[in-house]
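Reader: I would like to learn how to read ring pairs, charged pairs and helices in a model such as the one shown here. Could you take me through them in turn?

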Amino acid sequence: MTVLEQTQKPEALQNYLEESAYNKVKRMITESAGLNTSGYRDEYLKRRFEIRLRATGTNTYARYILYLKKHPEEFTNLLNDLTINYTTFFRDGDVYQHIEKKLLPKFLFSKNPIKIWSAGCASGEEPYSLSILVHKVFGSSLTRNPVTIFASDIDKDALSKAQNGLYSARQLATMDQRTIEKYFTKESENYRVKDFLKDIVHFEQFDLMKTSLHVNLDLILCRNVMIYFSKEGQQHIHMNFYRAIRDGGFFITGKSEILSGEPAQVFTALDYVTRVYQKPAKPPL
Ligand SMILES: C[S@@+](CC[C@H](N)C(=O)[O-])C[C@H]1O[C@@H](n2cnc3c(N)ncnc32)[C@H](O)[C@@H]1O
């Protein structure tokens, strides 16, 4: 064996063992925390895992596995680091303008109850922004024409913040004073979402890699979630959405996200700036 081979082999072996240990961490997350990691991008997962490797002082995946076995509470930290929850009320104002001016008025004429899904809702700003617009557009016709907003996330902590509906003044900064007074109640330094906004929002924990819980949806928003997923993972999720949307219903992605593969073929792009897509209506027989 040459000197070069002698020095290279341990490194190659080391890399191989680390890669196997990395895959084992992925499996452990699925088994212990129920999150299907198979659709996530490896470079994203590695970047997030390495934060925990450093924070726990383990520095290698092999040692991190032992740590996870000894400290199962570490799964919670790992999940928190994997699911970045940044969000705001009315994130990207033009998207919400489109929903308010173009999509919701169409739903006013629907004969069926309207169903909207905020998929990857984080701490609730997205579904509550939708609820504000629904109340603005539907007003008193909500009693005749019920609207339900399903709001799901994988992250339990984000969901419990969403259900609590309590936000700081800083978190409300994207709204004007009149909107805040109409839809929130001041509680010392913070603001709580009023009950009538909450009444039409149903929160649920849900992993997007699973098949949709709902069908015949009028609108799905899944924005700024796909950044974590591989191309295959994204296509899998987007096709699940396609099946869950009623014919003629709508789908909105994040502004920096693009559809690829089969979803790009089956959805019709309506607006490239706001990333609004439509599932074509079936032609009459
Ligand atoms: C950056 S936030 C986006 C929040 C909101 N949609 C927006 O655009 O402001 C991404 C959310 O996706 C959620 N998420 C990540 N992986 C998920 C999965 N497999 N299933 C469901 N939600 C997931 C995270 O927990 C996080 O709350």
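Author: What follows is a conversation about aromatic rings, charged side chains and two helices in this predicted model.

Reader: How is a pair of aromatic rings described, and how many aromatic pairs does the count come to here?

Author: A pair of aromatic rings is described by the distance of the centres and the angle of the planes. In this structure the count comes to 22 aromatic pairs. Take Tyr-64 and Tyr-67, whose ring centres are 6.5 Å apart and whose planes meet at 5°, so the pair is stacked; planes under 30 degrees apart count as stacked.

Reader: Where do Tyr-64 and Tyr-67 lie, and is Tyr-64 buried or exposed?

Author: Both residues belong to helix H3 (residues 61-70), where they are 3 residues apart, about one turn of the helix. Tyr-64 is buried, with a relative accessible area of 0%, whereas Tyr-67, at 25% relative accessibility, counts as partly exposed.

Reader: Which aromatic pair is edge-to-face, and which parts of the chain does the pair link?

Author: One such pair is formed by Tyr-128 and Tyr-167, with 6.3 Å from centre to centre and 80° between the planes, an edge-to-face arrangement. This pair links distant parts of the chain, since Tyr-128 is in helix H6 (residues 125-138) and Tyr-167 is in strand E3 (residues 166-168), 39 residues apart. Tyr-128 counts as buried at 0% relative accessibility, and Tyr-167 is also buried, with a relative accessible area of 2%.

Reader: Which residues do ring pairs link into a cluster?

Author: The cluster linked by ring pairs is made up of Trp-117, Phe-206, Phe-241, Tyr-242, Phe-251, Phe-267 and Tyr-277. One of these, Tyr-242, also has a charge over its ring, for the charged end of Lys-279 sits there, 4.5 Å from the ring centre. In another such case, the charged end of Lys-46 sits over the ring of Tyr-22, 4.7 Å from its centre.

Reader: Turning to charged side chains, how many salt bridges does a search of the whole structure find?

Author: Side chains of opposite charge can pair when their charged atoms come close. The search of the whole structure finds 12 salt bridges. Among them is the pair of Glu-19 and Lys-46, whose side chains meet at 3.0 Å, N to O. Glu-19 lies in helix H1 (residues 3-33) and Lys-46 in helix H2 (residues 42-55), so the pair ties together parts that are 27 residues apart in sequence. Glu-19 is partly exposed, with a relative accessible area of 34%, and Lys-46 is likewise partly exposed, with a relative accessible area of 24%.

Reader: Which parts do Glu-100 and Lys-136 tie together, and is Glu-100 buried or exposed?

Author: The side chains of Glu-100 and Lys-136 meet in a salt bridge at 3.6 Å, N to O. Glu-100 lies in helix H5 (residues 93-107) and Lys-136 in helix H6, so parts that are 36 residues apart in sequence are tied together by the pair. At 14% relative accessibility, Glu-100 counts as buried.

Reader: With which residue does Asp-218 form a salt bridge?

Author: Asp-218 forms a salt bridge with Arg-246, and the closest N and O atoms are 2.6 Å apart. Asp-218 lies in strand E7 and Arg-246 in strand E8, so this pair ties together parts that are 28 residues apart in sequence. Asp-218 counts as buried at 3% relative accessibility, whereas Arg-246, at 26%, counts as partly exposed. Elsewhere, salt bridges that share partners join Arg-52, Glu-74 and Asp-81 into one network.

Reader: Finally, the helices: how many residues of H6 are buried, and what span is expected for H10?

Author: Helix H6 is mostly covered, with 12 of its 14 residues buried, including Tyr-128, Leu-130, Ile-132 and Phe-138. From its first C-alpha to its last, H6 reaches 20 Å, close to the 20 Å expected at 1.5 Å a residue. Just after H6, Gly-139 takes a positive phi of about 50°. The 14 residues of helix H10 (residues 231-244) should span 20 Å at 1.5 Å a residue, and its end C-alpha atoms are 20 Å apart, which agrees. The buried residues of H10 include Ile-237, Phe-241 and Tyr-242. Those buried residues pack against strand E1 (114-119), strand E7 (217-222), strand E8 (245-253) and helix H11 (261-266).

Note on methods
Residues are numbered from 1 along each chain as its sequence is written. This is a predicted model: local features need pLDDT of at least 70, side-chain atom pairs count only at pLDDT 80 or more; totals for chains, interfaces and linings use all residues. Side-chain values use heavy atoms; hydrogens and water are left out. Rings of Phe, Tyr and Trp (its six-membered ring) pair if their centres lie within 6.5 Å; planes under 30 degrees apart count as stacked, over 60 as edge-to-face and the rest as tilted. Helices (H or I, at least four residues) and strands (E, at least two) are DSSP runs, numbered from the N terminus. Buried means under 20% relative accessible area, exposed over 50%, partly exposed in between (1.4 Å probe, protein chains only). A charge sits over a ring if NZ of Lys or CZ of Arg is within 6 Å of the ring centre and within 35 degrees of the ring normal. The expected span of a helix is 1.5 Å times one less than its number of residues. Contact means heavy atoms within 4.5 Å. A salt bridge is a side-chain nitrogen of Lys or Arg within 4 Å of a carboxyl oxygen of Asp or Glu.
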